[in-house]
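Dear colleague,

Please find below the structure I wished to pass on to you. My notes on it follow directly after.

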Amino acid sequence: MRLTNAGAGAGKTSRLAFEIQERFEHRPNRKKHIFVVAYSNYASSVITKHLELIYGQIPNEIHLSAIHSFFWNNIIEPYYYLIFGNQFFSISNQALGESTNYKASKLRELRDSGILHVAEFSRITKQVLVGGSGSKKNEKIMRARILSRLDSFIDSIFVDEAQDMDKNTADCFTAIDAAGINCYFVGDVNQDLRSRKGFAMLLKSFPEDVHEVDENHRCPLRHIELSNQYSVHNQKSDRSNVGVLEYALEPDVEVMDVLNRYPGSMNF
C-alpha cells in the first residue's frame, strides 16, 4: 500500500498519472491489469490525457472508472450472489430524502426488488470482501477465493481524490491490498469536507506507507499562511506572489462591487 497526502495545488493527479505509467511499464506480470478509480471527471480527464499522450490511446490493460462502477462490475455483480444467495439486477440513484426512517425503508424495498442504490455500494462491497464477526466458515472460504480471483488478474489499483472515501471503502481496499494487489492512494485529508474519514483512517492505520507532500504550486503565500492556521497538514507555497486577503462585513458593502475590484481573479 502507498498513501500520498498532498494539499491543493500540489499536482496530485499529475503525480498519479506518472505513477500509473511507471507501474504499467514495470509490473511483474504483464498479463495483469491496472485499475484507476477517479472521483471526478476532471481527475479522469487529466489521467486520460497523460496516458494518451504517451501511448496514443489507453492501453487495454488500464481501466479508468468511477468508484461505483469499479465496485459493481468487479465485486458486487459477479460475487455477491456466491456468498449471500441473492442477486442484484440493476442500480438506482433516486433521491432518498432527508428522513432517516423513509430512507432506510426505501433502501430495504429496493434491495428486496433486486435493486441496489448507489448509497449502499461501499457497505455491500464490504460485505463481500470483509464480512463481519459473525461470518460463517463457508462465507470466509468463499471470500478468500474471491480475493484470490481478483489477485489473479489485477496488478494494482490507483485511487485519486482518496479523501472522498468512506470507512467502508477504506476497509474494502485494505482487504484487497492484503490479498496481494498493490493499492495506491492520492488525496488531501484536509479536503474531506463531508467528514467521510476513510482516507484519514488509512493514514493513521498505515503510517509507514504514508508519503507527505507539502508543496503548493497554485496559491499565493498569504493564502497558504492563512489556511495553515486551520489545517492539520501545513503547506509551502513556491510562488513569489504574496497575494491579497481582505474582509468586509456584508451589511456595509455591495458584494458585487467588492468582487469586481479584482477582475480575472479567483474570488470567493
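**Core, sheet and surface**

In this predicted model, the largest nonpolar core has 38 residues, of which Ile157, Phe173 and Phe185 touch the most other members. Two or more residues are given to this core by each of β2, α3 (67-84), α5 (121-129), α6 (137-153), β6, α7, β7 and α8 (198-205). Helix α3 supplies the largest share, nine residues. In soluble globular proteins, nonpolar side chains tend to be buried together.

Strand β6 (residues 154-160) deserves separate mention. Seven of its seven residues are buried, so the strand is largely enclosed by the rest of the structure. Strand β2 (residues 33-37) pairs with β6 in the parallel sense over five bridges, and valine 37 stands opposite valine 159 in β6. Strand β7 (residues 182-187) also pairs with β6 in the parallel sense, over five bridges; here the bridge partner of valine 159 is phenylalanine 185 of β7. Between β6 and β7 the chain passes through helix α7 (residues 167-178), and this β-α-β crossover is right-handed.

Turning to the surface, Leu226, Tyr230 and Leu245 make a nonpolar patch of about 330 Å². Leucine 226 belongs to helix α9 (residues 221-228). Why is leucine 226 counted as partly exposed? Its relative accessibility is 36%, and the partly exposed class runs between the limits for buried, under 20%, and exposed, over 50%.

With kind regards

How values were computed. Residues numbered from 1 in each chain as written. Predicted model: local features only at pLDDT ≥ 70, side-chain atom pairs only at ≥ 80, totals over all residues. Heavy atoms only, no water. Patch = residues over 30% accessible without salt bridge, like charges linked within 9 Å, V, L, I, M, F, W, Y side chains within 5 Å. Areas by Shrake-Rupley, 256 points an atom, 1.4 Å probe, with all protein chains shown as cover. Salt bridge = Lys/Arg side-chain N within 4 Å of Asp/Glu carboxyl O. Helix = DSSP H or I, 4+ residues; strand = E, 2+ residues; numbered from the N terminus. Buried < 20%, exposed > 50% of the residue type's maximum accessible area, 1.4 Å probe, protein only. Pairing = 2+ DSSP bridges. Right-handed = clockwise from strand over helix to strand, strands pointing away. Core = buried A, V, L, I, M, F, W, Y, C linked by side-chain atoms within 4.5 Å.
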